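Let's walk through this protein together, one piece at a time. Keep the structure open beside you and follow along as the strands and helices come up.

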Amino acid sequence: MSSKTLKEFAQEIKLDKKKLEDKLRYQKKVYGREFGTISAGIKYLSEEEQIAICQLLNIPIINKSFGDEFGTIPPPKSEENIAILQERNQELKNQLSDIKSDKIYLQKQLSSEVTASSELRILLQQALKQTEKLQSELTELRTENSKLNAPKKTEIEAVNGYSVTTEKRNSDVAKEKNYNFVDPPKKPFSFDELHPDFNGFLSEFLKYGQQTGNWKISYRRARRLARAKREEQKNNL
C-alpha cells in the first residue's frame, strides 16, 4: 500500500481535512508524536502512519487496501497497541475532566445569573411600587395644600381683622374710662421660643414623619411652621 497525502487520507476516512490536522496537532503537542512527512509543501502519510491514525480515531475499517481481503486493519504489535490504548484512554480522561469542569462552571454561572436576575426583578418591582406610592402621596399633598391655602389666608385675615377691631374697641373704652395701665402689656412669645427645635421645613418634615409615621400630617405641620416663621421674620423687618 502506498503513502497518501493528508487530503487523500482525510477523504478516505471521511473526515474533514482541518479536523484531521487538529487531531494530529494535538498528538504532537500532548504526546510528542508527529505524523507525516512534507515533500514539496505537501504532507504525506505512510501506510504505518495511516493505520496508527485509524487506531487512534477508533476507525476499524476504512479500505481493503489497509488490511486483509475483508478490509480489517491488522492489529499492531502488542506493546505498540498498549501504548496507543493508554494514550487514547488518557486523552478521553482529559476530555471528560474538561467537560465536567465546564459543566460545573456553567451550572454555577447559570445559578448565579438566575439568582441575580430574580433579585433584580424583585428590587425593580419594589422600587416601582414605592415610586407609585410616593407619587400618589405627593399628588394628595399637593391637592390638600391647594385646598388649604385659600382658607388659611382667609382665616389669617379674619384673625388680623378681629385683632384690629378688638384693639380699637379696647382703646376707645380705655379712653372713655381714662384707664391708666400700671404694667405694660406682656410681649407675646416669639416663634423661636415656642418652637426652639425648628430647623426648617425639610428637617421638621422628616423628623415628625419618622416619629409619627404619618407623612401627610408631617407635611402639613412642617409647612404651617415654616409659614409662621416667615411671617414673623417679615413682620420684624
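A good place to begin is strand β1, residues 4-5, which pairs with β3 in the antiparallel sense over 2 bridges. Please keep in mind that this is a predicted model. Along this pairing, Lys 4 stands opposite Leu 45 in β3, and Thr 5 faces Tyr 44 of that strand. On to the second pairing: β2 and β3 also run antiparallel, joined by 3 bridges. Here Ile 38 has Lys 43 of β3 as its bridge partner.

Put the two pairings together and you have an open sheet of 3 strands in the order β1-β3-β2, with antiparallel pairing. Which strands stand at the edges? They are β1 and β2, and because each has a single partner strand, one side of each is left without a neighbour in the sheet. Helix α3 packs on this sheet, touching β1 and β3, and its direction makes about 80° with that of β3. As a general point, strands of a sheet pair through backbone hydrogen bonds, either parallel or antiparallel.

Now look at the turn in the hairpin of β2 and β3, where 2 residues lie between the strands. One residue to find there is Ala 40, in the loop between β2 (37-39) and β3 (42-45). Its phi is positive, about 55°, although Ala 40 is not a glycine. Is Ala 40 buried or exposed? With a relative accessibility of 81%, Ala 40 counts as exposed, because the cut-off for that word is over 50%.

A second residue with a positive phi is Lys 14, near 60°, and it too is a residue other than glycine. You will find Lys 14 in the loop between α1 (6-12) and α2 (17-31). Lys 14 is exposed as well, with a relative accessible area of 75%.

From the loops, turn inward. The largest nonpolar core has 14 residues, and those with the most contacts inside it are Phe 9, Ile 13, Leu 20, Leu 24, Phe 35, Leu 45 and Ile 53. Helices α1, α2 and α3 (47-56) each supply at least two residues of this core. The largest share, 4 residues, comes from α3. Leu 45 is worth a closer look: leaving aside residues up to four places away in sequence, it touches Ser 3, Lys 4, Leu 6, Phe 9, Phe 35, Gly 36, Gln 50 and Ile 53. Among these, Phe 9, Phe 35 and Ile 53 are also listed with Leu 45 for the most contacts inside the core.

Next, jump along the chain to helix α7, residues 215-236. It has 22 residues and reaches 31 Å from its first C-alpha to its last, close to the 32 Å expected at 1.5 Å a residue. At its N-terminal end, Asn 214 acts as a cap, with a side-chain oxygen 3.3 Å from the backbone nitrogen of Lys 216. Several residues of α7 are buried, including Ser 218, Tyr 219, Ala 222, Leu 225, Ala 226 and Lys 229. An α-helix has 3.6 residues a turn, so residues three or four places apart point the same way.

Finally, step back to the whole protein. Its secondary structure comes to 7 helices and 3 strands, following the pattern β-α-α-β-β-α-α-α-α-α along the sequence. Of its 237 residues, 19% count as buried. Among contacts with a separation of 6 or more, 51% come from residues 24 or more positions apart.

Notes:
Residues are numbered from 1 along each chain as its sequence is written. This is a predicted model: local features need pLDDT of at least 70, side-chain atom pairs count only at pLDDT 80 or more; totals for chains, interfaces and linings use all residues. Side-chain values use heavy atoms; hydrogens and water are left out. Buried means under 20% relative accessible area, exposed over 50%, partly exposed in between (1.4 Å probe, protein chains only). Two strands pair if DSSP finds at least two bridges between them. A nonpolar core is a set of buried Ala, Val, Leu, Ile, Met, Phe, Trp, Tyr and Cys residues joined through side-chain atoms within 4.5 Å. Contact means heavy atoms within 4.5 Å. The expected span of a helix is 1.5 Å times one less than its number of residues. A polar contact is a pair of N or O atoms within 3.5 Å; within protein, one must be able to donate a hydrogen and the other to accept it, and residues adjacent in sequence count only if both atoms are side-chain atoms. Axes are lines fitted to C-alpha atoms, for helices over the stretch in contact, and angles run from 0 to 180 degrees between N-to-C directions.
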